[in-house]
Amino acid sequence: MNTVTTQETEARPAEVLVEHPSPGVVLVRINRPEARNALSMPLRRRLADVFREFEDDPSVRAVVLTGTQRTFAAGADINSMIGVSAVEMYRRHTERLWAAVGRFSRPVIAAVNGHALGGGLELAMNADIIIAGEGVRLGQPEVRLGILPGAGGTQRLLRAVGKFQAMRLCLTGVSITAHEAYEIGLVSQVVPDNEVETGAVAMAAEIAALPAVAVEQIKEIIQLGADASLETALALERKALHILFSTKDKEEGLRAFAEKRAPAFIGE
Ligand code: CO8
């Protein structure tokens, strides 16, 4: 039985804000600054619902996932795990909530300020691109609480930065700077703190204007290919390329280049 109290079952709407900063781009803001954007169960459910709604809306071409100025997210809500049994944790099925973000079909850019710790870093790693402010601290401190990065952290870190950095971060719980994270391949870009959000929106807008089917296919094959053999992944890549040869945007893109004019993509 799920033991989440009635009070905890619904996130206040203001804890997950949706903004529309540019055509085709939605910005999702985690807004629980008083708890450093700790990811309570209601907040995570709301976040998953928002992404599921976007999945049904073709006008959403790219998503920026961000927090507040001081924090992206300080992890799972520690209070929601105190006194909780293994069966209760199992029955929360939080993997379904993360999947709504991780398997979203269009690009997700995490715009990270302040802290991305524990479940906060795990959430950021569900994005496709991570833009971090210079002052950011990232880490998997769960071991210091007697638990472990159980929302994908051990495995996503391993795949992102390799065994030896993943082991160091998970086994010591140390948090690292944005520049260190960049050096080990954990973030895509480091920018001044006050340019994180604008930079992420600009990149999302750029992607949103590109041929939609090509963008989705690229995301899908990079995601699937990471866990497939090279031969299988290369075959997937070829199949995806062949699919693009039936799109109008492919013809437009190639012809526009040949005719030395700007392409007018229609997303088909
Ligand atoms: N959960 C609950 N409350 C939190 C959390 C959190 N993760 N982080 C901060 N808060 C609360 C504090 O308790 C405090 O509340 P109050 O004002 O009522 O005392 C408030 O937020 C402000 O916190 P601080 O005073 O500590 O703020 P600072 O700016 O000084 O420090 C830090 C910010 C560095 C982010 C600090 O708050 C911190 O270290 N937080 C905890 C980080 C952490 O350990 N994260 C890992 C959590 S466990 C986890 O993510 C498990 C994921 C895997 C399991 C998933 C299963 C689904």
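Here are some questions and answers on a helix pair and a ligand site in this predicted model.

Colleague: Are α9 and α10 roughly parallel or antiparallel to each other?
Modeller: Helix α9 covers residues 212–225, and helix α10 covers residues 230–244. They pack at an angle of about 170 degrees, with axes 10 Å apart. Angles over 145 degrees count as roughly antiparallel. The two helices are therefore roughly antiparallel.

Colleague: How many nonpolar residues does the contact of α9 with α10 have?
Modeller: From α9, the contact includes Val213, Ile221 and Leu224. From α10, Leu236, Ala240 and Ile243 are among the residues met. By class, the contact has 2 polar and 1 charged residues, and its nonpolar count is 9.

Colleague: Which backbone has a polar atom 2.9 Å from a nitrogen atom of the ligand?
Modeller: Arg36, Ala74, Ala76, Ile78 and Gly119 come nearest of the 26 residues around the ligand. A backbone N or O atom of Ala76 lies 2.8 Å from a ligand oxygen. A polar backbone atom of Gly119 is 2.8 Å from an oxygen atom of the ligand. The partner of the ligand nitrogen, at 2.9 Å, is the backbone of Ala74.

Colleague: What percentage of the ligand's accessible area does the protein cover?
Modeller: On its own, the ligand has 1,100 Å² of accessible area. The protein covers 64%.

Colleague: How many charged residues are in the shell around the ligand?
Modeller: β5 (115–117) and α4 (119–124) each supply at least two residues of this shell. The shell has 13 nonpolar and 6 polar residues, and its charged count is 7.

Key:
Residues numbered from 1 in each chain as written. Predicted model: local features only at pLDDT ≥ 70, side-chain atom pairs only at ≥ 80, totals over all residues. Heavy atoms only, no water. Axes fitted to C-alpha atoms, helices over the stretch in contact; angles between N-to-C directions. Helix = DSSP H or I, 4+ residues; strand = E, 2+ residues; numbered from the N terminus. Parallel < 35°, antiparallel > 145°, perpendicular 65-115°, else oblique. Contact = heavy atoms within 4.5 Å. Nonpolar A, V, L, I, M, F, W, Y, C, P; charged D, E, K, R; others polar. Near = heavy atom within 4 Å. Polar contact = N/O pair within 3.5 Å; in protein donor to acceptor, adjacent residues only side chain to side chain. Areas by Shrake-Rupley, 256 points an atom, 1.4 Å probe, with all protein chains shown as cover.
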